[in-house]
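This report is meant to accompany the reader through a structure that may be unfamiliar. Please keep the sequence and the 3D view at hand while reading.

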Amino acid sequence: MNNNILIKHASQLITCSGFQAKQGKAMSDLHTIEDGAVVIENAMITAVGKSETVLAKIDEAKFESIDANGKAVLPGFVDSHTHFIFGGYRAEEFSWRLRGDTYMAIMNRGGGINNTVQATRIASKKELIESGKKRLDSMLSFGVTTVEGKSGYGLDSETEIKQLEVMKELNHRHPVDIVSTFLGAHAVPKEYKERKDEYIDFMIQKVIPKITDRQLAEFCDIFCEKGVFSVEQSKRLLVQARNAGLKIKIHADEIVQLGGTELAAELGAISADHLLHASESGIKALADTGVVATLLPGTAFGLKEPYARGRYMIDQNCAVALATDFNPGSCFSESIPLVFALATLYMNLSIEEAVTAFTINGAAAIDRADTIGSIDVGKSGDVIILEYPSYQYIPYHIGVSTVEKVIKNGKLVFDKGRSERTHT
Ligand code: NIG
Ligand code: FE
């Protein structure tokens, strides 16, 4: 199989054309081509344009040809913030929250992240690979072609590394590309209770060197939050992580306003994530520095918290990305259409902005805007075909996937029509 595909006569070819994050108004332009065609050769996009023009230049017989008449074609979605490798589940915590318990109250009495830590420490690599593969299959069915995944359910050297090794293995085995983030500072493990600074020292001195030596992660992230890690502790860890060669992300201002957003700008992080309580100065700093504001409305929805001010951030010229935050606690959902619905209905993003946020800006949030996130010549052949003629159906079909086919690196890996995944 030479992975040469031609997609022709797309009602709308939504290219999202660009090679860097789009800020503010630029997020509204999807660079749409009517009756569009895209050619993928050897896993890479080699031609994009009007069907007539593209077809005139190639020998169609040399391609596996897909007629996308009546369908919209977009870049594969990039889910730039997830915690998808974990053991166990926390369904009971969801029911406690319905009763009025808060996320942080559950965490402070030993549940929450530490609950998943216990289950992940005892899970075998094989179990984590199996559950991870199923979750990737589901993401793929939603049109996700690249996902970021975080460690952070080990909080010890062995299990953090185990999670990252599982992601590396899955990256080889599964068509969805995985970008790995080390999130050892996701919570304070019980072994380090009341000794947060020592835990940060342990991460810096003992864990990060092992991870960078084996190139197990590309990013370092931290839960910068009241009662978890302070701005000062976050800065100390992230500066050292950067010195060791990792790029930076921050869980910032999720539950209360602490200043993680400003820290992300100060350190030149690739993204600042959550931002439910980001300050005015923090938002301005993101816009000025081009740090991607990654918003996770599924989490605000699941925790019944106020949504991040997505509309305002775009109006202030930020580059906004959307992601699921898929994890076993605050948001057990990998649903892309749910996030689209929430972002448009409750954060007042336009549908165009939401599409940009899940494609080229999602790619920018994991420092991949030069290779994925748009349908441009030279980029990876990651393309999705919808069942409907327009991208407007994505949030309109509330909570239901409109994705019919997924092409990853020029290979058809999901086809709803055949109601099966084709990569296995
Ligand atoms: O992004 N807030 C911290 N981390 C995750 C939740 C992880 C969990 O509850 O297991 C988040 O919301
Ligand atoms: Fe998260």
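Which residue follows helix 10, and what is the sign of its phi? The residue is Gly 290, and its phi is positive, near 80°. This value, like those that follow, is computed from a predicted model.

**Helix 10 and its surroundings**

Helix 10 spans residues 280-289, and among its residues Gly 282, Ile 283, Leu 286 and Ala 287 are buried. Viewed along the helix axis, these buried residues fall within an arc of 140°, so they line one face of helix 10. An α-helix has 3.6 residues a turn, so residues three or four places apart point the same way. On the face turned away from the buried side, helix 10 carries the exposed residues Lys 284 and Asp 288. The cover over the buried residues of helix 10 includes helix 9 (260-267) and strand 11 (271-274), together with strand 12 (292-295) and helix 12 (310-315).

**Helix 9**

Helix 9, which is part of that cover, is itself largely enclosed by the rest of the structure, because six of its eight residues are buried. The buried residues of helix 9 are Gly 260, Thr 261, Leu 263, Ala 264, Ala 265 and Leu 267. What covers them includes strand 9, helix 8 (231-243), strand 10, strand 11 and helix 10. After helix 9 comes Gly 268, whose phi is positive, near 65°.

**The sheets**

Eight strands form an open sheet with parallel pairing, in the order 6-7-8-9-10-11-12-13. At its edges lie strand 6 (77-79) and strand 13 (320-322), each of which pairs on one side only. From one strand to the next, the twist averages 25°. Helix 9 packs on this sheet, where it touches strand 9, strand 10 and strand 11, and its direction makes about 170° with that of strand 10. Within the sheet, strand 9 (residues 219-224) and strand 10 (residues 247-252) pair in the parallel sense over four bridges, and Cys 224 has Ala 252 of strand 10 as its bridge partner.

An antiparallel pairing is found elsewhere, where six bridges join strand 2 (residues 32-41) to strand 3 (residues 44-50). Ala 37 stands opposite Gly 49 in strand 3. The hairpin of strand 2 and strand 3 has two residues between the strands, and in this hairpin Asn 42 takes a positive phi near 45°.

**Positive phi outside glycine**

Two loop residues have a positive phi although neither is a glycine: for His 31 the value is about 50°, and for Glu 194 it is about 65°. The table sets them side by side.

| Residue | Loop between | Phi | Relative accessibility |
|---|---|---|---|
| His 31 | strand 1 (5-14) and strand 2 | about 50° | 35%, partly exposed |
| Glu 194 | strand 8 (177-185) and helix 7 (196-213) | about 65° | 73%, exposed |

**The iron ion**

Which residues coordinate the iron ion (ligand 2)? The donors are the NE2 atoms of His 81, His 83 and His 251 and the OD of Asp 325, at 2.1 to 2.3 Å. Along the chain, the donors of the iron ion follow the spacing H-x1-H-x167-H-x73-D. His 81 is buried, with a relative accessible area of 0%, and His 83 also counts as buried, at 2% relative accessibility.

**A buried loop residue**

Is Ile 366 buried or exposed? Ile 366 counts as buried, at 0% relative accessibility, and its place is in the loop between helix 15 (360-365) and strand 14 (383-386). The C-alpha atom of Ile 366 is separated by 9.4 Å from that of Asp 79, although the two residues are 287 residues apart along the chain. Leaving aside neighbours within four places in sequence, the contacts of Ile 366 include Val 78, Ser 80, Thr 146, Glu 148, Phe 219, Lys 249 and Ile 372.

**Cysteines**

A search of the whole structure finds zero disulfides. For Cys 16, the closest cysteine sulfur is that of Cys 318, and at 19 Å this is too far for a bond. Cys 16 is buried, with a relative accessible area of 1%, and Cys 331 is likewise buried, with a relative accessible area of 6%.

Terms used. Residues numbered from 1 in each chain as written. Chains lettered and ligands numbered in written order. Predicted model: local features only at pLDDT ≥ 70, side-chain atom pairs only at ≥ 80, totals over all residues. Heavy atoms only, no water. Donors = N, O, S within 2.8 Å, 3.2 Å for Na, K, Ca; no water. Buried < 20%, exposed > 50% of the residue type's maximum accessible area, 1.4 Å probe, protein only. Arc of directions from axis to C-beta. Contact = heavy atoms within 4.5 Å. Disulfide = S-S within 2.5 Å. Pairing = 2+ DSSP bridges. Axes fitted to C-alpha atoms, helices over the stretch in contact; angles between N-to-C directions.
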